[in-house]
There are 4 protein chains.
Amino acid sequence: MGIRAVVWNEFVHEQENEIVQKVYPDGIHRTIARAISAEGDIEATTATLQEAEHGLTQARLDETDVLLWWGHKAHGQVDDAIVDRVQQRVAEGMGLIVLHSGHFSKIFKRLMGTPCSLRWREAGERERLWVINRNHPIAKGIDTAIELPNSEMYGEPFLVPEPLETVFISWFEGGEVFRSGLTYQRGAGRIFYFEPGHETYPIYHDAAIQTVLRNAVRWAYNPAEPWRDVSEAPNRPYDQAREKLTPKGASLHKKGEAGYR
Amino acid sequence: MGIRAVVWNEFVHEQENEIVQKVYPDGIHRTIARAISAEGDIEATTATLQEAEHGLTQARLDETDVLLWWGHKAHGQVDDAIVDRVQQRVAEGMGLIVLHSGHFSKIFKRLMGTPCSLRWREAGERERLWVINRNHPIAKGIDTAIELPNSEMYGEPFLVPEPLETVFISWFEGGEVFRSGLTYQRGAGRIFYFEPGHETYPIYHDAAIQTVLRNAVRWAYNPAEPWRDVSEAPNRPYDQAREKLTPKGASLHKKGEAGYR
Amino acid sequence: MGIRAVVWNEFVHEQENEIVQKVYPDGIHRTIARAISAEGDIEATTATLQEAEHGLTQARLDETDVLLWWGHKAHGQVDDAIVDRVQQRVAEGMGLIVLHSGHFSKIFKRLMGTPCSLRWREAGERERLWVINRNHPIAKGIDTAIELPNSEMYGEPFLVPEPLETVFISWFEGGEVFRSGLTYQRGAGRIFYFEPGHETYPIYHDAAIQTVLRNAVRWAYNPAEPWRDVSEAPNRPYDQAREKLTPKGASLHKKGEAGYR
Amino acid sequence: MGIRAVVWNEFVHEQENEIVQKVYPDGIHRTIARAISAEGDIEATTATLQEAEHGLTQARLDETDVLLWWGHKAHGQVDDAIVDRVQQRVAEGMGLIVLHSGHFSKIFKRLMGTPCSLRWREAGERERLWVINRNHPIAKGIDTAIELPNSEMYGEPFLVPEPLETVFISWFEGGEVFRSGLTYQRGAGRIFYFEPGHETYPIYHDAAIQTVLRNAVRWAYNPAEPWRDVSEAPNRPYDQAREKLTPKGASLHKKGEAGYR
């Protein structure tokens with residue numbers, strides 16, 4: 001069985017905007033799902049905002065190894081309860097790949113703890129993504145840099161924590177730079193933020209971008225059993241301590257009582 | 001003018017529990033405020049859950065350099081709007097010191113993005129906090145280790161991101177270890193998590209612990225002007241680009257339009 | 001073909017000291033090589049200080065995916081030219097696992113840039129290695145903690161840079177703690193430092209320790225082509241720039257001239 | 001007394017090359033020393049390669065709070081014993097600021113453990129250093145970005161470890177990017193690498209660059225007592241353990257014996 005990936009898309013602009021429709025006639029999610037399935041080791045399905053529970057029921061997330069997230073206009077419509085669920089699954093070990101305007105998604109802001117703000121410009125300018133460590137699994141098959149003839153500018157400062165690793169940094173024609181590929185570890189889960197992907201340009205049809213997406217899914221996949229109780233704070237009573245222990249001093253909790261949350 | 005610190009406390013156990021009352025007769029917040037004010041360079045005031053807006057109005061937070069946070073039983077009663085406000089101020093540059101059971105506070109979980117879970121035991125056992133970098137500003141005046149004769153055990157795994165710096169690691173009599181002093185940078189704000197502080201033991205009366213608290217306030221203080229628009233994502237139109245730019249390709253946004261959030 | 005691992009050992013104490021001889025009659029290197037080969041996916045060979053070029057010729061290192069390093073008494077006898085060679089191979093992508101007293105090896109100090117000092121005691125005391133992220137590939141198959149009935153104490157402060165990830169932290173019977181499993185990325189190479197392994201105790205015969213060693217070899221293995229010119233600083237002349245460029249200003253170097261080193 | 005800074009320069013090109021002589025008639029070191037002394041809180045002196053012990057005797061280093069390092073053509077002429085000495089002082093808490101072509105200095109490569117290689121081009125092109133965290137002490141007084149009309153291009157990949165903090169990232173006219181301001185902690189010492197500074201351009205005469213240099217000296221200054229024995233690995237005999245301990249098992253070392261190095 002392959003890596004079970006779910007490509008989530010808010011799927012709004014493709015239904016409202018003619019330009020976007022021409023670039024992604026059946027939705028960004030389907031283009032990405034086809035791209036990451038192309039080499040046979042990843043089994044990609046899709047989910048959208050409009051589906052019941054945004055297509056992300058607990059049962060489905062429990063069987064998802066890596067989730068990809070594309071959103072832009074409708075971040076505010078994503079149900080907080082679903083965001084809780086996704087965040088918990090990342091802590092348990094599910095991989096998460098956040099794409100482009102997903103920098104302002106609820107789930108990314110939750111996982112980063114920072115504003116995730118940036119500067120932007122939509123002028124179809126040239127972008128060049130430089131590879132920082134060419135032997136990083138996410139950069140496999142990329143030769144020095146990726147050239148995008150038309151891209152939306154995302155510029156620093158990008159308000160995220162220092163990453164685990166800086167995989168790509170972008171140069172923009174209009175004079176800005178951006179850390180366009182960043183990895184994070186949160187609990188047992190791996191996160192990759194990847195900046196390219198504006199919906200009016202055919203960026204997800206680009207072969208190098210598709211290579212990065214496949215690499216990222218493989219990198220984010222954690223084969224370990226999900227860490228289901230990762231958010232629990234269990235009491236370890238004194239008589240089960242690994243070292244012999246005689247209780248001393250005053251106590252707030254009665255023996256066996258649960259902690260506060 | 002000194003560093004303006006606010007010590008926040010949920011102030012519940014001191015009013016309900018006789019043991020805690022004896023240790024902190026006028027509340028943990030007042031003990032800590034006195035301790036950090038003792039050398040004259042820090043001006044500490046207090047705030048509690050019971051006050052209007054939990055004592056943390058926008059005006060007050062705007063004049064706070066460093067906030068200290070103690071909570072345990074009443075995390076759930078803290079208003080989400082106040083948590084938003086504190087999180088924004090940290091991004092702008094306010095320092096934050098999270099104490100003991102504050103690991104499960106809304107604000108700490110928000111800023112970390114992880115479950116912040118751990119293992120615990122209330123048996124009055126011995127704890128020893130080893131200093132990792134004795135020349136770190138937070139460890140100033142601490143000689144090798146801090147010994148606490150009675151402490152609540154907090155044990156690994158502690159579900160937080162890898163820190164900027166590991167300042168203390170604790171040894172517990174019952175056999176556990178814990179990363180008991182950790183620093184983080186989130187936006188323009190510095191964060192220090194400090195593990196000791198169970199309310200049934202006189203830990204905040206300990207001279208070494210008080211030294212660490214004063215050091216931490218000084219370390220977390222950022223004298224720069226607050227970064228008020230840190231969460232904004234301003235458009236940088238093509239005709240204001242630093243390099244001459246001719247717009248190309250299709251556009252989603254009209255000129256001057258705000259981005260989506 | 002499996003992962004090509006080389007276990008390097010200074011192989012001194014096993015030939016001089018009766019106690020060590022009993023624990024490792026044919027050398028620590030052979031015990032470790034057998035352990036990591038046990039599941040068939042790793043092909044381990046050995047090398048020792050006494051061999052020509054310490055068994056680490058350029059040709060052999062070029063065919064090594066992961067190097068394990070055990071040294072203690074004879075760090076000073078390791079040829080600097082061989083250390084250069086190993087360091088270059090790590091930068092190119094070879095994995096390196098540094099064991100126990102290897103903290104003071106030339107190669108580890110080179111790669112860390114810090115003193116790598118620590119506190120120590122040889123009293124056969126109990127050590128317990130707590131797993132920080134149980135879903136980390138290096139912790140696979142380890143349940144919460146590893147118990148070692150007899151170990152040499154290594155205590156903080158351990159003078160190394162903040163790691164990429166803290167995988168294990170140890171508790172010692174005599175009251176100390178130690179970050180006993182740490183990962184680093186240096187160039188294209190991954191490094192794992194693993195603290196247990198004193199030669200008078202049968203630690204490398206322990207099943208859990210052997211599991212960690214196998215996991216670590218798999219984790220450190222980088223399947224990418226070696227980055228042979230990783231240490232070069234090539235000139236990128238203006239007429240080969242990705243953006244059209246007209247040279248301006250004064251010049252130190254003539255066109256085509258190599259840079260200084 | 002102010003912060004005691006020493007500006008070290010190999011001082012070769014200024015004596016050999018007419019262009020450089022015009023830009024820095026009395027040497028880069030003197031220009032930098034004047035610049036960082038300008039606000040009165042830093043007392044800067046200079047040292048050069050040609051002096052006895054390169055001007056860096058043990059006595060002088062012992063009284064240096066922050067060392068700035070500029071070298072280019074003569075890295076290989078720097079005595080290894082002096083490099084050892086500087087490295088030890090950084091571990092003890094001395095700040096170090098490595099400038100421009102100092103990326104290939106012995107001391108920087110030692111402290112990083114990586115090749116410190118990069119791509120370069122001398123075409124007098126435009127460079128723009130974007131500030132990543134505008135409230136970082138090193139960026140104080142810098143407004144969004146620094147513009148340099150003529151600069152040498154340094155391009156990624158830059159083979160250094162992930163930094164503590166990314167303070168500046170540069171955009172180059174010819175299409176490259178570079179992490180041009182990076183901080184590191186090594187032992188008790190703070191390190192800042194700052195990329196601008198090619199000797200044929202008047203970069204150290206630029207007001208914004210001088211501001212960054214002053215900020216960096218203040219940031220790197222550690223007021224704590226030097227950690228003189230930071231490289232020692234002292235034995236902690238069982239009868240001085242913080243917890244009562246009865247020695248068990250076999251022993252390699254006799255009581256009181258020093259460890260191996």
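Select B:Glu173 and A:Lys248 to begin: their side chains meet in a salt bridge, with 2.8 Å from N to O. The model in the viewer is predicted, and every stop on this tour refers to that prediction.

**First stop: the contact between chain B and chain A**

The salt bridge just selected belongs to an interface in which the rule finds two salt bridges. Between the two chains there are also 26 residue pairs in polar contact, both residues of a pair being at pLDDT 80 or more.

Next, colour the elements of chain B that take part. At least two residues each of the side that touches chain A are supplied by α2 (18–23), α5 (80–92), α6 (106–112), β5 (119–131) and β6 (145–155) of chain B. Which of these should be selected for the largest share of that side? The choice is β5(B), from which eight residues come. Colouring by residue class then divides the side of chain B that touches chain A into 29 nonpolar, 22 polar and 18 charged residues.

Now display the whole contact. It takes 69 residues from chain B and 69 residues from chain A. The area that the two chains bury between them is about 5600 Å², and 59% of it is on carbon and sulfur atoms. To see where chain B loses the most area to chain A, select B:Trp120, B:Lys248 and B:Leu252; together these residues account for 14% of what that side buries.

**Second stop: the axis between chain B and chain A**

Show both chains as traces. A rotation of 180°, with 0.0 Å of shift along its axis, superposes chain B on chain A at an RMSD of 0.0 Å. The two copies are therefore related as by a two-fold rotation axis. To locate the axis from the side of chain B, select B:Gly113, whose C-alpha lies 2.7 Å from the axis and comes closest to it among the residues of chain B.

Why can the copies be said to meet through the same surface? The reason is that 100% of the interface residues of chain B are also interface residues in chain A.

**Third stop: chain D and chain C**

Move to the other pair and select C:Glu173 with D:Lys248. Their side chains form a salt bridge of 2.8 Å, N to O. The count between chain D and chain C is two salt bridges, and 26 residue pairs are in polar contact across this interface, both residues at pLDDT 80 or more.

On chain D, highlight α2 (18–23), α5 (80–92), α6 (106–112), β5 (119–131) and β6 (145–155), the elements that give two or more residues to the side that touches chain C. Of these, β5(D) gives the most, with eight residues. By class, this side of chain D holds 29 nonpolar, 22 polar and 18 charged residues.

With the full contact displayed, 69 residues of chain D are in contact with 69 residues of chain C. About 5600 Å² is buried between these chains, and carbon and sulfur atoms give 59% of that area.

A turn of 180° and a shift of 0.0 Å along the axis lay chain D on chain C with an RMSD of 0.0 Å. Select D:Gly113 to find the C-alpha of chain D nearest the axis, 2.8 Å from it. The same surface serves both copies, since 100% of the contact residues of chain D recur in chain C.

**Fourth stop: an annotated region of chain A**

Select residues 4–220 of chain A. An unreviewed UniProt entry annotates this range as "domain: ThuA-like". Over the range, the chain is 27% helix and 33% strand. Marking the end C-alpha atoms shows a separation of 11 Å.

**Last stop: local backbone details**

Most residues other than glycine have a negative phi, and most peptide bonds are trans. The following selections depart from that pattern.

In chain A, select A:Glu156 and A:Pro157, which are joined by a cis peptide bond with omega about 0°. A:Pro157 lies in the loop between β6 (145–155) and β7 (165–172) of chain A.

In chain B, the peptide bond from B:Glu156 to B:Pro157 is cis, with omega near 0°. The loop between β6 and β7 (165–172) of chain B is the place of B:Pro157.

Finally, where in chain B is B:His100 found? B:His100 is in the loop between β4 (95–99) and α6 of chain B. The phi of B:His100 is near 45°, a positive value in a residue other than glycine.

Terms used: Residues numbered from 1 in each chain as written. Chains lettered and ligands numbered in written order. Predicted model: local features only at pLDDT ≥ 70, side-chain atom pairs only at ≥ 80, totals over all residues. Heavy atoms only, no water. Contact = heavy atoms within 4.5 Å. Buried area = accessible area lost by both parts, 1.4 Å probe. Salt bridge = Lys/Arg side-chain N within 4 Å of Asp/Glu carboxyl O. Polar contact = N/O pair within 3.5 Å; in protein donor to acceptor, adjacent residues only side chain to side chain. Helix = DSSP H or I, 4+ residues; strand = E, 2+ residues; numbered from the N terminus. Nonpolar A, V, L, I, M, F, W, Y, C, P; charged D, E, K, R; others polar. Least-squares fit on C-alpha atoms with pLDDT ≥ 70 in both. UniProt positions renumbered as here; feature names shortened; annotations may be inferred.
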